[in-house]
Amino acid sequence: MADILLSVDKIGKTFGGLSAISGLSFQVRERSIKAVIGPNGAGKSTLFNLITGIDSPTAGRVRLGDRDVTGMKPNRRAAMGMGRTFQTPQIFGEMSVLENVQVGYHLRGRATWLDALLYTNRSRREERETHERCLAILEKVGLSDKANEAAGDLACGELKLLEMARALALGPRLLLLDEFAAGLTRGESEHMMGLVREIRDDGVTVLLVEHDMHLVMNLSDEIVVLNFGEKIAEGTPEEIQRNDKVIEVYLGAEV
Ligand code: ADP
Ligand code: MG
């Protein structure tokens with residue numbers, strides 16, 4: 001099982017009496033792209049919170065490589081190579097695009113966004129040392145010409161790219177993408193898809209939650225389908241598209 005990077009083992013989460021996730025197990029192979037899909041309320045965001053450590057599970061384990069990270073705080077998981085983007089971009093609007101990426105870089109091993117922010121302001125010298133690296137990341141996502149603009153002036157699609165750049169600055173082994181294409185035009189979402197493939201080809205493993213089925217079916221090596229907090233199917237895009245259970249509860253007549 002050496003090539004499994006993320007392993008979710010019989011994980012469960014209840015809120016009060018409600019079971020948001022129950023008995024969920026799946027694995028993500030190293031250098032693969034896996035998608036989690038399911039109707040609203042299926043438990044996708046809860047699952048991401050359990051994997052990243054924002055929430056703790058009421059049952060089960062989460063493993064990153066051969067490390068059990070179940071009890072670890074989000075910043076420790078981040079330092080171990082777990083990067084993420086947020087559904088709503090978490091951007092410092094007053095800071096430049098480049099500085100926002102540098103925050104991601106300094107966040108490696110740091111406790112909070114605030115620590116990283118203060119650190120950035122305190123240590124200009126260190127900032128220069130990471131300058132080149134962060135510029136290269138902006139180059140990769142296609143934002144280098146905006147490096148010195150205020151992040152608050154970026155358009156929606158550019159903010160998503162910046163969010164991606166900041167997650168990459170962490171140097172992740174595993175990248176969790178939460179609705180990274182939401183609100184993008186078709187062209188922007190195609191660009192994003194190409195970018196995610198490149199990132200995977202660079203050796204990063206990707207787990208994503210996304211509503212855009214065109215994107216999910218074209219990008220993913222494997223898909224996990226959730227319904228009411230349980231896994232109802234798992235397989236390649238082809239297998240998922242012809243799975244009767246999936247068609248019944250989720251994809252409906254579209255597919
Ligand atoms: P999805 O992201 O797939 O739409 P969620 O993970 O947000 O689903 O929600 C799964 C279920 O858990 C829903 O019934 C939701 O109302 C519930 N839930 C999620 N977070 C909380 C919370 N913090 N407190 C109580 N219930 C929650
Ligand atoms: Mg959600």
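# How the labels on this model are earned

Author: On the surface, Glu 139, Asp 145, Glu 149 and Asp 153 come together as a patch of negative charge. This is a predicted model, where local features need pLDDT of at least 70, side-chain atom pairs count only at pLDDT 80 or more, and totals for chains, interfaces and linings use all residues. Residues are numbered from 1 along each chain as its sequence is written, and side-chain values use heavy atoms, with hydrogens and water left out.

Reader: What makes Glu 139, Asp 145, Glu 149 and Asp 153 a patch of negative charge?

Author: Asp and Glu count as negative, while Lys and Arg count as positive; His and the chain ends are not counted. A patch takes residues with over 30% relative accessible area and no salt bridge, and joins like charges within 9 Å. Each charge is placed at CG of Asp or CD of Glu. The areas come from the Shrake-Rupley method with a 1.4 Å probe.

Reader: Where is Asp 153, and why is Asp 153 called exposed?

Author: Look in the loop between helix 5 (124-141) and helix 6 (156-169). Helices here are DSSP runs of H or I with at least four residues, strands are E runs of at least two, and both are numbered from the N terminus. Buried means under 20% relative accessible area, exposed means over 50%, and partly exposed is in between. Asp 153 has 61%, so Asp 153 counts as exposed.

Reader: How do you know that the span of helix 6 agrees with what it should be?

Author: The expected span is 1.5 Å times one less than the number of residues. For the 14 residues of helix 6 that gives 20 Å, and the end C-alpha atoms are 20 Å apart, so the two agree.

Reader: What makes helix 6 mostly covered?

Author: Of its 14 residues, 12 are buried, including Leu 161, Leu 162, Met 164 and Leu 168. After helix 6 comes Gly 171, with a positive phi near 70°.

Reader: Why is helix 1 described as largely enclosed?

Author: Helix 1 (residues 44-52) has 7 of its 9 residues buried, so the rest of the structure largely encloses it. Among them are Leu 47, Phe 48 and Ile 51. Gly 53 follows helix 1, and its phi is positive, near 95°.

Reader: What makes Arg 61 and Asp 68 a salt bridge?

Author: The rule asks for a side-chain nitrogen of Lys or Arg within 4 Å of a carboxyl oxygen of Asp or Glu. Between Arg 61 and Asp 68, the closest N and O atoms are 3.0 Å apart, so the pair fits the definition. Arg 61 is partly exposed at 37%, and Asp 68 is partly exposed at 30%.

Reader: How many salt bridges are there in the whole structure?

Author: The search finds 15. Another pair is Asp 221 with Arg 200, whose closest N and O atoms are 2.9 Å apart. That pair links distant parts of the chain, with Asp 221 in the loop between helix 8 (213-219) and strand 9 (222-227) and Arg 200 in helix 7 (residues 186-201), 21 residues apart. There's also a network of salt bridges linking Arg 29, Lys 34, Glu 222, Lys 231 and Glu 234.

Reader: Why does Arg 200 count as buried or exposed, and what about Asp 221?

Author: Arg 200 has 17% relative accessibility, so Arg 200 counts as buried. Asp 221, at 27%, counts as partly exposed.

Reader: How do you know whether Val 204 is buried or exposed?

Author: At 9% relative accessibility, Val 204 counts as buried. Val 204 sits in the loop between helix 7 and strand 8 (205-209).

Conventions. Chains lettered and ligands numbered in written order. Patch = residues over 30% accessible without salt bridge, like charges linked within 9 Å, V, L, I, M, F, W, Y side chains within 5 Å. Buried < 20%, exposed > 50% of the residue type's maximum accessible area, 1.4 Å probe, protein only.
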